[in-house]
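Student: Could we go through this structure together?
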Amino acid sequence: MTTTTRWRALTRHNLFWPVAVLVALLLVNIPFTPDFFAIHMTDGHLYGSLVSIVLFGSPLILVAVGMTLVIATGGIDLSVGAVVAITGALTCSYISDQKDQDALAGVLLAMGLGLLAAVVCGLWNGFLVARMGIQPIIATLIIMVAGRGVAQLITDGQIITINSEPYKLIGGGYWLTLPFSIFVVAAVVAVTVALTRRTALGLLVESVGGNAEASRLVGIRSMRIKIMVYVFCALCAGIAGLMISSNTSAADGNNAGLWIELDAILAVVIGGTSLLGGRFSIGGTVVGALVIQTLTTTIYTIGVPTQTNLVFKAAVVIVVCLLQSPKFRAKVFGARAKTTAPATPAAAPAEPAPKMEVS
Amino acid sequence: MSTTTQSPTTPDKVEGGTPSKAARLLSDRRLPVLVTAALFLAMYIAGLSRYQNYGFGDSQVFLNLFIDNGYLLVAAVGATFVILSGGIDLSVGSVIGFTTMLTAWLVQDVGLPLLVVIPISLGVGAFGGFLMGYVIHNFEIQPFIVTLAGLFLFRGLCLVISKESIAINDSAVSSLAETRVSLGLGDLSIGALVALVVLAAAFYILHYTRFGRRIYAIGGNEQSALLMGLPLGGTKIAVYTMSGFCSALAGLLFMLYIQSGDPLHAVGMELDAIAAVVIGGTLLTGGSGYVLGTLFGVLVLGLIKSIIQFEGTLSSWWTKIATGVLLCAFILIQRVMTTRKKA
């Protein structure tokens, strides 16, 4: 009895399913590559599949963390991919105009410019959503469509390549034997978690997502919270844009961050944050982003033809969403629960309480 | 039609005298469509005065708008249905790409005649839409996520068929693609004609059938529609099936237009379709809008493209920027309208 209740409490935990999927995906690799979990040291850098999953997944984690807060307020931000492209384009074009591309001051200024552009995009989104009261999905569609045009305008339709050592660090460099981007991601995640879970900010974000009008009447400045959240999301996308362009040392207005908004939303959903808003889990999002990156890596390592990558992704999305749908669980697992229910009548009074929570 | 536009204004008259003409115009549901039509006319006249010497006034230039954007029109009509019902379909572009790939593969590599291939492609598209609608309704997952999975699935299936593009040199396809129907002023292609037929059918379905009224009712307020006893599930699933069918048909037209299948055809086309629907004045919250508006939305997007072609010095990315600016303008117009209605 105690083991079943403990098991039940575990499966009810909001991180259970995402982590289970992640572990299952990681374990799938073992029969194909026995040394999948091995991490070895070469030239003072750590190498291994796990390290590369985190390294290549870091822009996605960043974007998804920003997206989590936006979704928690009941919104959505489709423009992150375009923001990634704009930031990368602006930064790289500024650096490429410099005489000395290795000058630290110039690189920092370029990064500042790129992030400033990202913040402006976020302010615009926030203004449209909070001030004008436009549906988030449409408000952010504007920058999603126009932003890529702007990015191509900045790069003149070319792919700008740069050769700057300091800039290379943020996306492809190493620090303390680990990829530098891991530290950036860890810092952003730590700051976000601290701000949302150690201060009242997280509660405010959730209450705005639960009911914007009610929270305004309670005295929460929901408009300000919403604008802040969109700016934060754009800033995260901007940092991701710096990482992506620095990793390849090039800015591609057309393809940088293509579909990253969809992957990010997917990561948030896999992490257990409801698209309806009002509740969020940063930890779940990070796990969700890692699930997506692991899936991609797994497809490469187990030798599935790469062209079926997207079909696999679709299958995972469908399975994860179905598992999270209360109605689907009731239909499939409910039948079995019903047959066992008469045997344990003691469990019956406990049933209504969690149901209330679900609805 | 007149009853729906009249009814909101009648209580106004009873309570606070006759509303001013401007207020009545602003609360008219047809305003966005009229604005889009006016914008189209203004852009056309501007183009006419600027590129008069380059043959912009030629009636064939106008008809080419239909020839070059027929597939987009069909896809946008499908998107109009979904958006009117309060949902969204992100899989449009992928289904189009998949259809071009499937038809090209069946015609070219398997060697089936085109007459067999067309029903198969349409069936596959409609079945994909049906599946998405079924999952959306029965498992209560957001349309956004389900159709996102559809986007990945169909784009992935493209790549499963072949990683490289397949050129079609079937005689039936090329003869069909080159057929032109003379209208006196100029020619229309088969694709453009099919698009116009689809538009007419959609207009009839939305405004003169029970199914059409149900779509508006569900988009307006799903809960009340359910309480009224409307078949929610059936209608929703039918809407997504229709969108899948329209996307597949758009894919066939695109295949005729471009005469090849490519796994990267029509990437991001769903954005163009949604943009055309919004510019055409349909509210993205559902329940309000006209399929004729979508026609003007598509024409405006097409006109932007041809003006940029005529200008010659502007690069292609200006299309995206112009589309974004237009989207923004129309969203703000919609916003002003809906706040007026509440007040």
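The conversation below covers one helix, one chain and one interface.

Tutor: This is a predicted model, in which local features need pLDDT of at least 70, side-chain atom pairs count only at pLDDT 80 or more, and totals for chains, interfaces and linings use all residues. Residues are numbered from 1 along each chain as its sequence is written, while chains are lettered from A and ligands numbered from 1 in the order in which they are written.

Student: Where is the kink in α6(A) centred?

Tutor: The kink, about 35°, is centred on A:Ala146; the bend at a residue is the angle between axes fitted to the seven residues ending there and the seven starting there.

Student: And is α6(A) largely enclosed or not?

Tutor: It is largely enclosed by the rest of the structure, because 18 of its 20 residues are buried (20 or more other C-beta atoms within 10 Å of the residue's own, with C-beta atoms placed from the backbone).

Student: What comes just after α6(A)?

Tutor: A:Asp156, which takes a positive phi of about 65°.

Student: Changing topic, how much of chain B is buried?

Tutor: Buried residues account for 47% of its 343 residues.

Student: How many residues of chain B are in contact with chain A?

Tutor: In chain B, 34 residues are in contact with 33 residues of chain A, contact meaning C-beta atoms, placed from the backbone, within 7 Å.

Student: Which helix gives the largest share of that side of chain B?

Tutor: α16(B) does, with twelve residues; helices are DSSP runs (H or I, at least four residues), numbered from the N terminus.

Methods. Helices (H or I, at least four residues) and strands (E, at least two) are DSSP runs, numbered from the N terminus. A residue is buried if 20 or more other C-beta atoms lie within 10 Å of its own, exposed if 12 or fewer, and partly exposed in between; C-beta atoms are placed from the backbone. Two residues are in contact if their C-beta atoms, placed from the backbone, lie within 7 Å.
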